[in-house]
Amino acid sequence: MPWTVLLFAAGSLAIPAPTILLVPPHPSSQDDPIHIACMAPRGFLGANFTLYRGGHVVQLLQAPADQLEVTFNLSRGGNEAPGGTFHCQYGVMGEHSQTQLSDLSEPVQVTFPVPTWILALSLSLVGALLFLAVLVAIVMVIRKVKATNAQKKRERESCWAQVNFANSDMSFDNSLFAISMKIASDEDVATLDAHSSSTAASSVSVPQKRPTSTSSSPEPPNFSTFRAPL
């Protein structure tokens, strides 16, 4: 017993979804025609097929009485691009001459290869962006290196300033010490000169006394005369 008889007898049973596929030759540009085949399951000969794109009806075709499939031929019309996502559906006459529709098929995506000039332009833009990114990175690295070198230079100058300031302090202290020592030596020399001058003055002003005898006349010397024995 064919599927149609069983389905029509059941009435409430769903009709199987059709099969959809893109038929070669595949389009290489938006100006090329698109061929999409839609095939009903076995037993559903001469069905009416509907092609949808994005939920909108694109074409209606009826298969020959001895055929299970149809092929939709799409070409670009107006300003609307022919690509997109497509589904198909078929219908058969059911009980009481009522049309019974199947479920929607699986989606098929129709895309076009990118033109060469667009690909070249995109690659050029990407290369330019990469070059700018590398250039910005190099500039940032150079600025960072310069800032680091400037910071090190400032630190070295600060250290040299501190060392020179310490040396200046030591030189100043040494100068003060030398000046104080010179002043002290000058004071010592002046003290010694003053002491020598006072000593000389005292020796000149005080006359030396001559020694005086205790008696008015000198004592005559004692002579003893010894006679030799006869």
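**Exercise 1. Place L68 in the predicted model and list what L68 touches beyond four places in sequence.**

Solution.
Step 1. Start with the contacts. Not counting residues up to four places away in sequence, L68 touches C38, M39, A40, P41, R42, G43, F44, L45 and F49.
Step 2. Assign the element. L68 sits in the loop between β4 and β5 (69-74).
Step 3. Check the cover. The relative accessibility of L68 is 22%. Buried means under 20%, so L68 counts as partly exposed.
Step 4. Add a distance. L68 and P18 are 50 residues apart along the chain, and their C-alpha atoms are separated by 9.7 Å.

**Exercise 2. Describe the disulfide in the structure. Which cysteines form the disulfide, and how far apart are their sulfur atoms?**

Solution.
Step 1. Count. The structure holds one disulfide.
Step 2. Identify the pair. C38 and C88 form the disulfide, with sulfur atoms 2.0 Å apart.
Step 3. Locate both ends. C38 is in strand β2 (residues 34-39) and C88 in strand β6 (residues 84-93). The two cysteines are 50 residues apart, and the pair links distant parts of the chain.
Step 4. Read the geometry. The angle about the S-S bond is 75°, and the link of C38 and C88 is right-handed.
Step 5. Check the cover. C38 and C88 are both buried.
Step 6. Tie this to Exercise 1. C38 is one of the residues that L68 touches.

**Exercise 3. Characterise V58. Is V58 buried or partly exposed?**

Solution.
Step 1. Assign the element. V58 belongs to strand β4 (residues 56-62).
Step 2. Classify. The relative accessibility of V58 is 30%, so V58 counts as partly exposed.
Step 3. List the contacts. Leaving aside neighbours within four places in sequence, V58 is in contact with L51, Y52, R53, L74 and F86.
Step 4. Add a distance. F72 lies 14 residues from V58 along the chain, with 9.4 Å between their C-alpha atoms.

**Exercise 4. Compare two loop serines, S102 and S29. Where does each sit, and how accessible is each?**

Solution.
Step 1. Locate S102. This serine lies in the loop between β7 (99-101) and β8 (108-110).
Step 2. Classify S102. Its relative accessible area is 3%, so S102 is buried.
Step 3. List the contacts of S102. Not counting residues up to four places away in sequence, S102 touches I15, P16, A17, P18, Q89 and Y90.
Step 4. Locate S29. This serine is in the loop between β1 and β2.
Step 5. Classify S29. Its relative accessible area is 28%, so S29 is partly exposed.
Step 6. Add a distance for S29. P113 is 84 residues from S29 in sequence, and the C-alpha to C-alpha distance is 6.8 Å.
Step 7. Look along the loop of S29. P25 also lies in the loop between β1 (19-22) and β2. The peptide bond from P24 to P25 is cis, with omega near -5°.

**Exercise 5. Find the surface patch that includes V139. What is its character?**

Solution.
Step 1. Name the members. L129, F131, L132, L135 and V139 form a nonpolar patch on the surface.
Step 2. Give the area. Together these residues have about 490 Å² of accessible area.
Step 3. Place V139. This residue is in helix α2 (residues 116-205).
Step 4. Test V139 against the patch cut-off. Patch residues need over 30% relative accessible area. V139 has 38% and is partly exposed.

**Exercise 6. Summarise the fold, then decide where to read the model with care.**

Solution.
Step 1. Count the elements. The protein has two helices and eight strands. From the N terminus on, the order is α-β-β-β-β-β-β-β-β-α.
Step 2. Take the totals. Of the 230 residues, 17% are buried. The protein exposes about 18,000 Å², and carbon and sulfur atoms supply 62% of that area.
Step 3. Weigh the contacts. Among those with a separation of 6 or more, 57% join residues 24 or more positions apart.
Step 4. Read the confidence. The mean pLDDT of the protein is 76, and 60% of the residues reach 70 or more.
Step 5. Find the extremes. Among the elements, strand β3 (residues 48-53) has the highest mean pLDDT (95) and helix α1 (residues 3-10) the lowest (42).
Step 6. Mark the weak stretches. Over residues 1-12 pLDDT stays under 50, and the model has 16 contacts beyond four places in sequence for them. Over residues 213-217 pLDDT is also below 50, with zero contacts beyond near neighbours in sequence.
Step 7. Conclude. Where pLDDT is low, the predicted coordinates should not be read in detail.

Conventions: Residues numbered from 1 in each chain as written. Predicted model: local features only at pLDDT ≥ 70, side-chain atom pairs only at ≥ 80, totals over all residues. Heavy atoms only, no water. Patch = residues over 30% accessible without salt bridge, like charges linked within 9 Å, V, L, I, M, F, W, Y side chains within 5 Å. Areas by Shrake-Rupley, 256 points an atom, 1.4 Å probe, with all protein chains shown as cover. Salt bridge = Lys/Arg side-chain N within 4 Å of Asp/Glu carboxyl O. Helix = DSSP H or I, 4+ residues; strand = E, 2+ residues; numbered from the N terminus. Buried < 20%, exposed > 50% of the residue type's maximum accessible area, 1.4 Å probe, protein only. pLDDT = per-residue confidence, 0-100. Contact = heavy atoms within 4.5 Å. Disulfide = S-S within 2.5 Å.
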